[in-house]
Amino acid sequence: MKTIQITAVDNVAVALHPIAKGEQIEAGGRIVEAQEEIPQGHKVAVTSIKNGDHVIKYGFPIGHVTREVEAGSWVHTHNMVTNLEGEMEYRYEPELHYPKPVEPETFQGYRRRDGRAAIRNEIWVIPTVGCVNDVAKKIVRDNQSLVQGTIDGLYTFPHPFGCSQTGHDHAQTRKLLASLVRHPNAGAVLVVGLGCENLTHEQFLEELGDYDADRVKFLTCQEVEDEFAEAERLLKLCASYASSFVREPIPVSELVIGMKCGGSDGLSGITANPTVGRFSDMISARGGSTVLTEVPEMFGAEGFLMNRCASEAVFEKAVDMINGFKNYFISHHEVVYDNPSPGNRQGGITTLEDKSCGCVQKGGTAPIMDVIGYGDQVVTKGLNMLYGPGNDLVSATAMTAAGAHMVLFTTGRGTPFGAPAPTLKIATNSQLAEKKKGWIDFDAGPVADGESIEDAAGRLLDLVIKVAGGQKTRTEEMGYREISIFKDGVVL
């Protein structure tokens, strides 16, 4: 099979493999002759499209052509553009399909003293200000001997903020870092500050709220003679606490799984993202939680999402999130459709609607149970939407801060990036999976050659349970872990 017409109303098909000029291709019951070479992942017209008419893919308009396009022609940036503009009005016309409940499997995880589940038992060193980044790195390097027994690792997450920020940015940094401190995968945490930064110790304690003093320790470098000796002392206390946890059977219903795509290509919305979407439905059926973010990559695909909100109150939060992010673009004098990236285009994605319709496939078909803000925690079972940008580092950090035990990351181009939570990379095509074995954990490429989405999602669920039980992802094996904090305002 060389092409796929995703829905019967589509006037384009997607090349599952490269197509030569003059090759006869079948799509949607039609036989057309390729008028030119069509790269893998790119669109081919299955019927003639008049100048100005919509290009239909996934059953939705993803833009319009700028000149007449003959059947069998390549449809891409040279002959089509976006339809997107600014804010829109939406009506709530719910179409809710709750998945049939399924008895959850178990994974070997950790049970925290507050009752929460975890899939890793790590010690995290969280710097509250960029000035102590290198101190935190040295602390981690010098104390790796503490990683033994049931302690899975010792890590730090440098960032440039915590000082010289004002208003909303300062509050977001404080909130995000406190959320990371609360993350269940951290069996114990050492919070490292300098002592003169805007993000004061008192502010951080107020943001953090109630905490277990055995689990969370604090070091203010200006207040001690030798910060490294004091860090060693505090980390030994952290290790003593964290080593008390051992793996035990925990239901899959307690998992929170983030869903992200980056370096997408024309197969993302056909293989990997629908596989993750079906997996999301499976987790919902088992009583678990999933998180979908990348708000700018929902623009143009709202029809897949808005009427799946479980209530009108959730719908209103979704509308505010979508239009609020559009206003964020407009307030910075940027057009809302300044996307996709050059790599996306090379992989076959033409407009933001094209990218978005593929991106939201990760959300499956189950109802959207809640919409949460940046830095907020998931508290509602089922599918959640999270306010955040499409940027890989920022959005994956936000999902971790929301409580995601693990991030599923689909990619057609490949990327080595890892979030603080284990980041499981899913290739949209088998060529990438074969080429970048050091990056990719799961190959969704067989879907392009006939494997059912159901079977692929079943394979993915099996792998997620293994990773939740301690199997390392490729990013964990390489030690790739980073954070990036969402910033909007000035730096003093």
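Pro127 has its bridge partner in β14, and that partner is Val192. I start there, in a predicted model, and work outwards. The two strands involved are β12, residues 122–127, and β14, residues 186–193. β12 and β14 run parallel to each other, with six bridges between them.

On to the next pairing of β14. β14 also pairs with β15, residues 216–220, again in the parallel sense, over five bridges. One position to look at is Val189, whose bridge partner in β15 is Val216. As a general point, the strands of a sheet are held to one another by backbone hydrogen bonds, and the pairing can be parallel or antiparallel.

Is β14 mostly covered or mostly open? Mostly covered: eight of its eight residues are buried. Val192, which we met as the partner of Pro127, also belongs to a nonpolar core of 27 residues, together with others including Val125, Leu190 and Leu194. That core is a second one, separate from the largest.

The largest nonpolar core has 101 residues. Which of its members touch the most others? Leu408 and Leu424. If you click on Leu424 and ignore the neighbours within four places in sequence, you will find contacts with Met406, Val407, Leu408 and Phe409, with Asp441 and Phe442, with Leu460, Leu463, Val464 and Val467, and with Thr473.

Now the charged pairs. In general, side chains of opposite charge can pair when their charged atoms come close. The count for this model is 27 salt bridges, and I will go through three of them.

The first takes us back to β12. Glu122, in that strand, forms a salt bridge with Arg481, at 2.7 Å from N to O. Arg481 sits in the segment after α12, and the two residues are 359 residues apart, so this is a link between distant parts of the chain. Are the two ends of this bridge buried or exposed? Arg481 has 11% relative accessibility and therefore counts as buried. Glu122, at 2%, counts as buried too. The pair is also part of a network of salt bridges made up of Arg120, Glu122, Glu476 and Arg481.

The second is between Lys260 and Asp392, with 2.8 Å from N to O. Lys260 is in strand β17, residues 256–261, and Asp392 is in helix α9, residues 392–401, so the bridge ties together parts 132 residues apart in sequence. Both residues are buried.

The third is Arg474 with Glu477, at 4.0 Å from N to O. Both lie in helix α12, three residues apart, which is about one turn of the helix. Arg474 counts as partly exposed because its relative accessibility is 27%.

Next, a sheet elsewhere in the chain. Three strands make an open, antiparallel sheet in the order β6-β7-β9. Which strands stand at the edges? They are β6, residues 54–57, and β9, residues 80–81; each has a single partner strand, so one side of each has no neighbour in the sheet. Three bridges join β6 to β7, residues 60–65. At one point along this pairing, Lys57 stands opposite Phe60 in β7. Across β6 and β7 lies helix α8, residues 352–359, which runs at about 160° to β7.

Just ahead of that, I will mention helix α7, residues 342–346, which contains Arg345. Arg345 has 31% relative accessibility, so this residue counts as partly exposed. Its C-alpha atom is 51 Å from that of Ser240, a residue 105 places away along the chain.

Last, the protein as a whole. There are 12 helices and 23 strands. The radius of gyration is 23 Å, close to the 23 Å that the globule rule gives for 492 residues, so the protein is as compact as a globular protein of that length. The C-alpha trace spans about 75 × 45 × 40 Å along its principal axes. Of the 492 residues, 57% count as buried.

How much of the contact total comes from residues 24 or more positions apart? Taking contacts with a separation of 6 or more, such residues account for 72%. The bridge between Glu122 and Arg481, 359 residues apart, is one link between distant parts of the chain.

Key: Residues numbered from 1 in each chain as written. Predicted model: local features only at pLDDT ≥ 70, side-chain atom pairs only at ≥ 80, totals over all residues. Heavy atoms only, no water. Pairing = 2+ DSSP bridges. Helix = DSSP H or I, 4+ residues; strand = E, 2+ residues; numbered from the N terminus. Contact = heavy atoms within 4.5 Å. Axes fitted to C-alpha atoms, helices over the stretch in contact; angles between N-to-C directions. Buried < 20%, exposed > 50% of the residue type's maximum accessible area, 1.4 Å probe, protein only. Core = buried A, V, L, I, M, F, W, Y, C linked by side-chain atoms within 4.5 Å. Salt bridge = Lys/Arg side-chain N within 4 Å of Asp/Glu carboxyl O. Rg over C-alpha atoms; globule rule 2.2 N^0.38 Å.
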